[in-house]
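Reader: Could you walk me through this model, one question at a time? I would love to see the reasoning behind each answer.

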Amino acid sequence: MEQTRELDGRGGELRAGSVGFVGLGNMGSVLAGNLVGAGHAVVTHDALGAGRSPEGAVHVPEAAEVARRVGVLVLSLPDGVASEQVARAILAAPGRLVRYVVDTSTVGPAAARTVAGLLAEGGVGYVDAPVSGGVAGARARTLTVMYAGDGDACSAVEDVLAGLSDRRRRVGDRPGMAQALKLANNFLSATALAATSEAVAFGLAAGLDMATMLDVLNESSGRSAATEDKFPAHVLTGRYAAGFANSLMEKDVRLYLRAVGEQDGPAAIGEVTGAVWERFARAEPGADFTRIFPFVDGSVSGSVGGSVGGS
């Protein structure tokens, strides 16, 4: 990454290589902490305040102030509207230093292209870099960062990407390509979790034990991330605390279907999956997405836990 002379807004100097981070939800707060742990000087901003800013970072009250302090700024936001709003605030910041934006949000290909074009007009490079692996993966640094952008931009932010996670893969040379892969991934995740919920509900009704079902499924052809991770860790235990909201999964499947429609691609299974998640998000807004099992299996009792967020 190109080193820059960065000021703290009070005439003092931040050390070269400072990184900005906007959006400290469940995922963003951990990723910002990873950057601190990797040795970066991190300047953060979140609309809800400094409560989830990681120890060792400096929190500031406005995104524009972050843009005046750093050369690279990372976003972890709920949707494309928020990414565009922050991009406009960055461009409008007097004396901004930021030259590259790394967007870890899931916004869809169209929004990524829009934000990239907007920033390009102001001379700011954009790297489309959504992540997959959940909050636990972020903490363990096993999260997958799939990123796309032109060679210069990707090279310039390489050490920032390395600070986010130990698993990274460049998947394309223009913004939007990583978003397409992330949406395909989340569609498969959403479908597997919904289908596994139906299959396990069927097995329980037939008298099977859930733990036994999962053990056998994970040794058989029906295994998936749902059977190997989400069900053992959150459904079987009753924790339902993966840290990703059903409303965000519904949003991601909706973005996937929109992108598929723009390409006139097949969507028969996608439409069914989308309808299930739409009903779940409407019925239990803000619930952890692993609670789709008790939603699908109406015989399972228990109230919905607290709301969760993420990127």
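Reader: Happy to start with a helix. Which residues of helix H10 are buried, and on how wide an arc around the axis do they lie?

Author: Gladly, and please keep in mind that this is a predicted model. Helix H10 covers residues 225-235, and its buried residues are Ala-226, Thr-227, Lys-230, Phe-231, His-234 and Val-235. They are on the same side of H10, because the arc they cover around the axis is only 125°.

Reader: Which helices do the buried residues of H10 pack against?

Author: Three partners come up here, each with its residue range. The buried residues of H10 pack against helix H8 (177-205), helix H9 (210-217) and helix H13 (292-296).

Reader: Which residue caps the N-terminal end of H10, and at what distance?

Author: The cap is Ser-224. One of its side-chain oxygens faces the backbone nitrogen of Ala-226, and the separation is 3.1 Å.

Reader: Staying in that region, is Ser-220 buried, partly exposed or exposed?

Author: Ser-220 sits in the loop between H9 and H10. Buried would need a relative accessible area under 20%, and exposed one over 50%. Ser-220 has 28%, so it counts as partly exposed.

Reader: How far apart in space are Ser-220 and Val-30?

Author: In sequence, 190 residues separate Ser-220 and Val-30. From C-alpha to C-alpha, the distance between them is 34 Å.

Reader: Two loop residues caught my eye. Tyr-240 and Asp-264 each have a positive phi without being a glycine; which of them is buried and which is exposed?

Author: Tyr-240, with a phi of about 50°, lies in the loop between H10 and H11. Asp-264, with a phi of about 55°, belongs to the loop between H11 and helix H12 (268-283). The cut-offs are under 20% for buried and over 50% for exposed. At 15% relative accessibility Tyr-240 is therefore buried, while Asp-264, at 73%, is exposed.

Reader: And Glu-250: is this residue buried or exposed, and what does it touch?

Author: Glu-250 is part of helix H11, residues 246-262. Its relative accessible area is 14%, so Glu-250 is buried. Leaving out residues up to four places away in sequence, Glu-250 touches Trp-277, Glu-278 and Ala-281.

Reader: Now the interior. In the largest nonpolar core, which residues touch the most other members, and which element gives the most residues?

Author: This core holds 29 residues, and Phe-21, Leu-35, Val-102, Val-127 and Leu-161 touch the most other members. Elements that supply at least two residues each include strand S3 (19-22), helix H1 (26-37) and strand S7 (100-103). With five residues, the element that gives the most is H1.

Reader: How many residues are in the second core?

Author: The second core is separate, and its members include Val-43, Ala-63, Val-66 and Val-101. In total it has 27 residues.

Reader: How does the radius of gyration of the whole protein compare with the globule rule?

Author: The protein has 13 helices and 11 strands. For 311 residues the globule rule gives 19 Å, and the protein is close to that, so it is as compact as a globular protein of that length. Its radius of gyration is 20 Å.

Reader: Last one: where does the pLDDT fall below 50?

Author: The average pLDDT is 91, and 90% of the residues score at least 70. Two stretches fall below 50: residues 1-16 and residues 301-311.

Definitions and conventions:
Residues are numbered from 1 along each chain as its sequence is written. This is a predicted model: local features need pLDDT of at least 70, side-chain atom pairs count only at pLDDT 80 or more; totals for chains, interfaces and linings use all residues. Side-chain values use heavy atoms; hydrogens and water are left out. Helices (H or I, at least four residues) and strands (E, at least two) are DSSP runs, numbered from the N terminus. Buried means under 20% relative accessible area, exposed over 50%, partly exposed in between (1.4 Å probe, protein chains only). Contact means heavy atoms within 4.5 Å. A nonpolar core is a set of buried Ala, Val, Leu, Ile, Met, Phe, Trp, Tyr and Cys residues joined through side-chain atoms within 4.5 Å. pLDDT is the predictor's confidence in each residue, from 0 to 100. The arc is that of the directions from the helix axis to the C-beta atoms. A polar contact is a pair of N or O atoms within 3.5 Å; within protein, one must be able to donate a hydrogen and the other to accept it, and residues adjacent in sequence count only if both atoms are side-chain atoms. The radius of gyration is taken over C-alpha atoms; the globule rule is 2.2 Å times the number of residues to the power 0.38.
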